[in-house]
Amino acid sequence: MQVFKNYFRILKSYKGVILMYFIVFLSVAIVMSINNNTSFSEGQSFSATKLKLAIVDRDQQTLGRAVKRYFEGEHEFADVEEDENAILNELYWRQLDYVLVIPKGYEEGLLDADTSNSELECMKVPGNYTSSYFEAELQQYIAKLTGLLASGYSITEAEDELDALKEETVTVRVASFVNENQNDIITYFFLLVPYLFISLGTIGVGMILLRLNEQEVKDRMECSSTPLKERNIGLIGGIFAYGGILLLVVLVVVGILSKGSVFTDMRTPYFLLNLFAMLLFGLSLGFFAGTVAKNQEAISGIVNIAGLALCFLGGVFVPIEFFGDGILKAAKFFPTYWYVVTNETIGGMTKMTSALAKELLPQIGVVLGYALAISAVTLVIISNKRSRRG
Amino acid sequence: MVVEIENLVKRYGDLVALDHFNLAIEEGEVFGLLGPNGSGKSTTIHCLLSLLKYDKGTIRVFGQEMKPTSYDIKKDIGVIMQNVAVFDELTVYENIDYFCGLYIREQKERKQLVKEAIDFVELQDYRKFYPKKLSGGLLRRLNIACGIAHKPRLIILDEPTVAVDPQSRNKILEGIQRLNKEGATIIYTSHYMEEVEQICTRIAIMDKGKNVALGTKDELKAMIDLGETISVEILELADEVKEAVGRLPHVIKVSYENYLLKVKFSKGKHNLLRLLDLLKEQEVGFGGLHSELPTLNDVFLEITGKELRD
């Protein structure tokens, strides 16, 4: 009990550092979670831009009307006289963005599959990237039209066919957001938690162990009548109680952010399991740091290097979808990667199935495995230190 | 016997730190372990406390074999090591309370003991101070309070006055004598012979892991041939006079440096008178004069051929 109480007495003196990490993390996490939640769910990250277009139709066939009909949903069309100065003036004053010029005989060339003598022309505002986008769309339209004509369609049939195709809507989903749940505030907040657990786990455990491992203090404790086993139980109790507090605070914050829905969400137990594994990893890293580090600066170094490297390369701060093949292969060696993958899977879950459980449990097991491996290595280091001294 | 050490051998690779070391300490003693740095004092203490494994020998404390798991024995031992062993993050009170709590579980009893320890080392005004705010002397006193708060029967102090100002050193030494008067047996290691002479009832002199001499300070001084050293301030001393001094009875060694004639005599009577007569006879004028009895350093020098502080 004395060692347990002492753990928190010493921890109290690091409350400033812990609080600083916590506030920075919470601020970033809350802002990112809220931003992420609103931008995707309400579609606020995208807004369509309409170009002001005009067509100068020297050919006077059906194509000019067809192009206007096809694009008038997305862009605004204005009527212009073929007066170059007037057009340039309107472009200069941004009353027009792009003017398409259909040369005489263009449609005939299109039907003969030979437009080498008459190509589409344009007048546009230099450096306007949205007009380049329209150009690309137009080229696609002409390419499709050419394809249909080659298949035996007449020009009006081909134009009607393209209009009909445009009416069909295709729903596209980005791979990382397979399920809209995956993008909710709970999932996103939990995605960022590894940084908190790694940094605060290392500080909260490492700094205390550093003190307890000082040779003079250690000797004095060894000389006491409190058995080693009892001292170790007190220490482990302190570490787990500290970990429990971290977990609790994270749940309270996510509870507030999700307006309590996290407590009724069917995914919460699985999130908790994943969080618990990551918490153990963070605490074990602290156990390791407190054993090998010689001073507080070394612990801070471990916090910064391990915390940031694991979080950036594991997909906590950067979506895994952005990783190249090489980085992805390397990321699989980090426990944070498996945490992130599990978190996304749980986020997208609507009900637990045995297949899903078979997928999740080994992933959580990998994180736990890392925690166990680090703890085992640390115990070997402690044992070696003891035998060297004897 | 409070402590019995028999044939203790401790090796670090090829280096023999303790070479068949023997020691027996009785209850109520203030026992001094004296020796230069590297003589094996701290190794002896570490083995005695089971902080170090040893290669051979037996250690018994309060009549029982001492092992790392001898918690019944450990509860009656207080340890004050050479380096200060406290937590910088805890206040003076919290530090003493923590270390006392490793022996005393009952909170009320512990509170009283912590108070007594604070009073004992006179840190009442510093209860809420953090160690970093304390001076070297106050820090040493806190270190002592952490080791004695649980009222142990055997207190081991390993060079507790290193880098301490004279005022704090005196307080520490007085405190040790008070603890002894209250019934505690003390083991005190130091390379400061004056301290050991001042407080220890028996002394063991260590060198190269061996116990080279053992006894009270008078017994130790009686072991050597040196009787006294007489120093005389002389402005000018002719070589013939110096040689004549060397021919006086009981003279062991004569030296003249910095206007100071130093003559070492073996045990014998009328040494001072004979020296003064000779100086008068040779018409040598002199100023100050003083006589010193042998110190533990002289004992160590005669036994080992080197100074304690070498």
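**Group meeting talk: how chains A and B meet**

Okay, let's start right at the interface: between chain A and chain B there are 14 residue pairs in polar contact, counting pairs where both residues have pLDDT 80 or more. Keep in mind that what you're looking at is a predicted model.

So which parts of chain A do the touching? Four helices each bring at least two residues to the side that touches chain B: H1 (2-12), H8 (185-212), H9 (215-222) and H10 (228-257) of chain A. Helix H1 of chain A gives the most to that side, with seven residues. And what kinds of residues sit on the side of chain A that touches chain B? They split into nine nonpolar, seven polar and ten charged.

Now for the whole contact. On chain A, 26 residues are in contact with chain B, and on chain B, 31 residues are in contact with chain A. Putting the two chains together buries about 2,700 Å², and carbon and sulfur atoms give 52% of that.

Let's talk about charges. As a reminder, side chains of opposite charge can pair when their charged atoms come close. Across the interface of chain A and chain B, the rule picks out three salt bridges. Here's a pair to find on your screen: B:Arg105 and A:Glu230, whose side chains meet in a salt bridge, 2.7 Å from N to O.

If you count over all chains, the structure holds 24 salt bridges. Another of them sits within chain A, where A:Arg69 pairs with A:Asp160 and the closest N and O atoms are 3.7 Å apart. Why pick that pair? A:Arg69 is in helix H3 (residues 63-71) of chain A and A:Asp160 is in helix H7 (residues 155-167) of chain A, so the salt bridge ties together parts that are 91 residues apart in sequence.

Next, zoom out to the domains. Chain A is divided in two: domain 1 covers 2-42 plus 178-389, and domain 2 covers 52-167. How far apart are the centres of those two domains of chain A? Taken over C-alpha atoms, they are separated by 58 Å. Chain B is divided in two as well, with domain 1 at 3-216 and domain 2 at 225-293. For chain B, the C-alpha centres of the two domains lie 43 Å apart.

Here's a small detail for anyone who likes helix ends. Where helix H4 (residues 84-92) of chain A starts, a side-chain oxygen of A:Asp83 comes within 3.2 Å of the backbone nitrogen of A:Asn85. After helix H4 of chain A comes A:Arg94, with a positive phi, near 60°.

Last topic: confidence. The model scores ipTM 0.81 and pTM 0.71. Chain A averages a pLDDT of 85, and 91% of its residues score at least 70. Two stretches of chain A deserve some care. Over residues 40-45 of chain A, pLDDT is below 50, and that stretch has six contacts in the model beyond near neighbours in sequence. Residues 175-179 of chain A also stay under 50, with nine contacts beyond four places in sequence. In chain A, confidence is lowest in helix H2 (residues 15-41), at a mean of 78, and highest in helix H11 (residues 268-292), at 94.

For chain B, the mean pLDDT is 89, and 99% of the residues reach 70 or more. Within chain B, confidence is lowest in helix H11 (residues 296-304), with a mean of 81, and highest in helix H3 (residues 92-101), at 95.

That's my tour, thanks!

Conventions: Residues are numbered from 1 along each chain as its sequence is written. Chains are lettered from A and ligands numbered from 1 in the order in which they are written. Side-chain values use heavy atoms; hydrogens and water are left out. pLDDT is the predictor's confidence in each residue, from 0 to 100. Contact means heavy atoms within 4.5 Å. Domain bounds come from an automatic or database domain assignment. Buried area is the accessible area (1.4 Å probe) that two parts lose on being put together, summed over both. A salt bridge is a side-chain nitrogen of Lys or Arg within 4 Å of a carboxyl oxygen of Asp or Glu. A polar contact is a pair of N or O atoms within 3.5 Å; within protein, one must be able to donate a hydrogen and the other to accept it, and residues adjacent in sequence count only if both atoms are side-chain atoms. Ala, Val, Leu, Ile, Met, Phe, Trp, Tyr, Cys and Pro count as nonpolar, Asp, Glu, Lys and Arg as charged, and the others, Gly among them, as polar.
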